[in-house]
Amino acid sequence: MGNFVGAIDQGTTSTRFIVFDKQGNIVAVNQKEHKQFYPSPGLVEHDALEIWRNTQDVIQNAMRISGLSNEDICSLGITNQRETTLLWNRTTGQPYGRALVWQDTRTSEICSDLESKGYKELFQVRTGLPLATYFSGPKIKWILENNPVISEDLKNGQVLFGTMDTWLIWNMTGGIKGGIHITDVTNASRTMLMNLNTLQWDENLLDILGIPRSILPEIVSSSSVFGYAKDQLAGVPISGDLGDQQAALFGQCCFKPGEAKNTYGTGCFMLMNTGNIPVQSMNGLLTTVGYRIADNPAVYCLEGSIAITGALVQWLRDNLQIIEKSSEIEPLARTVTDNGDVYFVPAFSGLFAPYWRSDARGVIIGLTRYANKGHIARAALEATAYQTREVLDAMQLDSGTKLSTLKVDGGMVVNELLMQFQSDILEVPVVRPSITETTALGAAYAAGLAVGYWSNTDELIANWSKDREWHPSMSHEDSQILFDKWKKAVQRTFNWTN
């Protein structure tokens with residue numbers, strides 16, 4: 001068996017290949033960005049052939065630079081941007097147009113139509129998801145209805161659907177020469193087509209959307225030997241597959257119910273392990289599959305997504321120009337001792353979890369002659385912590401589980417002022433791990449477990465080590481006063497647009 005595990009991290013803006021050792025340390029890495037296509041407002045597309053070429057390039061580059069050979073890699077895991085949707089021809093390997101990215105909103109009419117026909121509750125109960133443009137099912141329907149070539153190819157059984165994990169695994173295992181057509185339970189749970197209880201495609205939902213069962217991949221677990229790579233990494237078992245946020249949960253070793261992680265990026269994605277039974281949210285969260293190891297029961301999660309967190313710092317840099325670099329936000333916020341009663345609610349494109357208010361718009365409130373740019377910078381950082389608290393409160397209500405610590409990853413976790421304030425507002429410890437590449441690490445862990453490179457999750461937990469931990473330093477009363485003021489500020493954002 002090789003000494004290392006490889007992971008492909010196929011993200012929204014780039015693709016990376018990372019090789020890890022037994023302790024979870026990075027041995028080799030290479031990354032390449034791909035082009036974003038915006039044909040008109042609200043439309044976002046990727047070129048799937050470019051993503052496949054980039055995947056081959058980053059594997060080749062990382063292996064060459066590090067001097068590793070195929071024999072050194074014992075298994076390969078894949079993690080991917082979720083919901084991004086592609087249809088392609090089984091015989092030619094050519095996509096039917098570009099992939100529709102998760103951010104793409106062209107399916108809003110399809111979703112509104114389904115809601116007007118009374119299907120909202122059916123989809124929510126069976127898939128754990130609201131009727132939203134975010135998910136793959138309506139995107140598949142749109143491509144089927146808008147590509148004239150497809151109908152003939154459908155009759156001949158030539159059409160395949162996949163998210164990016166499926167596309168890459170199909171190509172890596174031979175493509176037109178017998179590539180395997182699979183997806184894992186976490187990616188399938190983001191399509192609006194998989195029944196959360198059976199973990200299979202739901203025939204009733206397929207009928208409603210007019211999607212033929214024949215185009216869908218087989219649903220497999222997240223950690224199991226699916227097949228073997230051909231050309232590049234020839235002979236290496238492909239044995240891990242997880243959507244990116246679930247991979248981060250796995251990489252953070254959130255294996256017990258009640259354990260949660262928050263990824264701080266452009267937006268925030270918080271996932272909480274709820275155990276082996278799906279918990280339907282009454283508080284504006286998504287119910288999703290967290291992971292499934294081999295034939296064990298699936299582990300479910302509640303997920304809360306926040307649209308604008310790191311993007312708010314970029315907005316202060318690019319639009320208001322009160323900082324030149326994102327890293328200047330913390331020193332500027334430290335020029336004041338508190339927020340000066342200023343609150344910044346970044347509802348730039350409405351509010352996501354737990355409100356789902358598309359009529360909301362951003363506000364900076366509580367301004368007096370005393371307020372300066374330091375207060376605005378501080379209020380912007382605090383907004384991320386308050387929004388995280390709102391999602392966490394919803395999770396605790398839905399799950400009946402009290403959070404003991406929050407594990408954090410993503411670009412914003414280097415901001416120590418934010419991490420301390422996050423702990424103060426949540427009133428629990430906040431922990432940053434030593435290895436912050438948790439998404440790729442999660443895919444590597446799933447792949448390594450499947451081939452016995454790691455024998456069990458206890459070994460993974462032993463690898464996990466903290467870089468820094470923050471404890472609450474504020475009284476409960478002070479924390480609650482600030483949070484109540486935030487809730488008041490959020491109310492002021494409602495009903496701005498009709």
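**His375, an open sheet and a helix crossing**

Leaving aside neighbours within four places in sequence, His375 is in contact with Val336, Asp338, Asn339, Gly340, Val342 and Tyr370, contact meaning heavy atoms within 4.5 Å. I begin with this residue, and I should say at once that the model is predicted: local features need pLDDT of at least 70, side-chain atom pairs count only at pLDDT 80 or more, and totals for chains, interfaces and linings use all residues. Residues are numbered from 1 along each chain as its sequence is written, and side-chain values use heavy atoms, with hydrogens and water left out.

The mean pLDDT of the protein is 92, and 100% of its residues reach 70 or more; pLDDT is the predictor's confidence in each residue, from 0 to 100. Among the elements, helix 10 (residues 310-320) has the lowest mean, 87, whereas strand 11 (residues 200-201) has the highest, 98. Helices (H or I, at least four residues) and strands (E, at least two) are DSSP runs, numbered from the N terminus.

To return to His375: this residue lies in helix 12. Is His375 buried or exposed? His375 is buried, with a relative accessible area of 2%, where buried means under 20%, exposed over 50%, and partly exposed in between (1.4 Å probe, protein chains only). Thr335 is 40 residues away from His375 in sequence, and their C-alpha atoms are 8.4 Å apart.

Helix 12 (residues 373-399) also meets helix 16 (residues 476-491): their axes come within 11 Å and cross at roughly 90 degrees. Axes are lines fitted to C-alpha atoms, for helices over the stretch in contact, and angles run from 0 to 180 degrees between N-to-C directions. The two helices are therefore roughly perpendicular, a term for angles of 65 to 115 degrees. On the helix 12 side the participants include Tyr386 and Arg389, and on the helix 16 side they include Phe483 and Trp486.

I turn now to the sheet. Here 7 strands form an open sheet in the order 17-18-16-15-21-22-23, with mixed pairing; two strands pair if DSSP finds at least two bridges between them. Strand 17 (286-291) and strand 23 (466-470) stand at the edges, each with a single partner strand, so one side of each is left without a neighbour in the sheet. Strand 22 (residues 430-433) pairs with strand 23 in the antiparallel sense over 4 bridges, and Val430 has Trp470 in strand 23 as its bridge partner.

Finally, helix 9 (residues 244-251) lies across several strands, among them strand 17, to which helix 9 runs at about 55 degrees.

Note on methods. Parallel < 35°, antiparallel > 145°, perpendicular 65-115°, else oblique.
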